[in-house]
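I opened my notebook to look at how two chains meet and where charged side chains pair up. Come along and look with me.

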Amino acid sequence: MNTEAIKDLLYKIADDQLILGHRNSEWTGFGPLLEEDIAFSSMAQDKVGQSWQFYKILNELGESEPDTLAFMRNAEQFHNCQLTELPNGEYDFSLIRHFLFDTAELIRFNMLSESSYEPIALLSKKIKGEVKYHTMHANIWIKQLGSATEESISRLQKSLDYAMPYALGIFEASKFEATLKQDGVFEGEVVLKTTWLAQVAGILEQTELTMPSIDQVQPLVGGRYGNHTDHLQPLLDEMSEVFQVDPSADW
Amino acid sequence: MSLKSLDPRVGRLHISEQEDNDKTQKGALDQFETYEAFVQVKEGKSLDHVGSVHAPNEEMAFLFAKEQYTRRGMYCNTLCIVKTENIMMSEFSDNKISVYDSVTVNPTGIITEEFEIFHMFKRGKHHRFIGTVNALNFEDAMANSKVFYPSEKPVYNVWVVNAKHMLTSDDDDRDIWDTLKEKQYREAIDYKGQDIIKAYKEKIAPD
């Protein structure tokens, strides 16, 4: 099996989880109601926990320790898609991102549960239930606010239209698509995207929201190979602030 | 006095004091309605009332209760939600007197609906799911429950819920709790800082 290809796959998954987990954790204490604050914070924690487990596999393949990978890299060394690094904005955008991203993530983990690379298959099987709840949470919120009031519908629609080019960036092709598919590690971003489009449309159909015409949307790619928006580096600086004070500190 | 937050997230909001003062007053009682959550930790264990959540509807109450009441602990098998207003409550009793003692009617034998029965065995403790009865209405459910679920311990309060008002998690969705036992970091007990604190205390004030 091609180790470089597997590492490429692991990095993008781990970095997505870490960056979005951190972004979502910024809502802690600011949620629209106490119950939602706790739910959203718990899911953010799940994502950071998932990233750690993917970094562990990378570590076993010869990469640095999880903490080093999380806190000692600069923006251009990160492989997350740009969608995950965008500032939280208002809750409408955070919910739309959560919906678009987690729908893709659950499909990804379902696909990877069948991976020929055992550590990825085992981990995906283990955590896909966690992500299933994340998608339940996202779907119910989108269905609720997507058919509630004029304000909630128009806000979500605006955020959806804004997020879509970034969301398509989730599926930026890997340099190793063919190899990963051939080795049975991962069926690929194209298959993932096709399933995702159908599922997203399926939920939106149950609301007053309109699915943007995907053919007209120019995907914003580059994140998978270090090309990020200006929002990522400040996030990394803030996230690693405590770690940088004393990298050897024991928690 | 002007307060400045050290939290960069607060700083980014650029909230001016003026804005803070101008904030319109919130109306009274503007919260969502409440729903009661019940959890069965493992198959074969009891289904217990764990608390309530505010939510605009049943589905969202389920979402919130899942993280409110099952984000810690080792396992979860089932989560049930009932809107608080759909719980019919008996009188309270005390001093070893069972609330069923005041139920004097016999079951009518007329079966129109299913009711879920919950008992409270100690004042201040949670209600526990006891079983289901087929009955005509609340009073009849109480009468049936007295016959079918006699209790050695005195029952101080009973909740009766029409079965159609109970939202129960799907068996297929049990995997949402698969990783619960690995979330020990959510327990304060997981942080063993005592040694570090002791060493630090000795360092700053050696005796």
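Is B:Glu113 buried, partly exposed or exposed? I looked it up in this predicted model: B:Glu113 has a relative accessible area of 29%, so I noted it as partly exposed.

Next I checked its partner. B:Glu113 and B:Lys164 meet in a salt bridge, 3.6 Å from N to O. I found B:Glu113 in strand β5 of chain B and B:Lys164 in the loop between β7 and β8, 51 residues apart. B:Lys164 is exposed, at 60% relative accessible area.

Then I turned to B:Glu33 and B:Lys83, whose closest N and O atoms are 3.2 Å apart in a salt bridge. Strand β1 of chain B holds B:Glu33 and strand β3 holds B:Lys83, with 50 residues separating the pair. B:Glu33 is partly exposed at 43% relative accessibility, whereas B:Lys83 is buried at 18%.

In chain A, I noted a salt bridge between A:Arg108 and A:Glu105 at 3.8 Å. The two sit 3 residues apart in helix α5, so about one helical turn separates them. Both are buried.

Now for the place where the chains meet. I read that 30 residues of chain B contact 27 residues of chain A. B:Arg9, B:Leu63 and B:Phe64 lose the most area on the chain B side, together 22% of what that side buries. Between the chains I counted 6 salt bridges. One of the pairs I looked up is A:Asp46 with B:Lys183, at 2.7 Å. My last entry here is on helix α3 of chain B, which gives 8 residues, the largest share of the side touching chain A.

Terms used: Residues are numbered from 1 along each chain as its sequence is written. Chains are lettered from A and ligands numbered from 1 in the order in which they are written. This is a predicted model: local features need pLDDT of at least 70, side-chain atom pairs count only at pLDDT 80 or more; totals for chains, interfaces and linings use all residues. Side-chain values use heavy atoms; hydrogens and water are left out. Contact means heavy atoms within 4.5 Å. Buried area is the accessible area (1.4 Å probe) that two parts lose on being put together, summed over both. A salt bridge is a side-chain nitrogen of Lys or Arg within 4 Å of a carboxyl oxygen of Asp or Glu. Helices (H or I, at least four residues) and strands (E, at least two) are DSSP runs, numbered from the N terminus. Buried means under 20% relative accessible area, exposed over 50%, partly exposed in between (1.4 Å probe, protein chains only).
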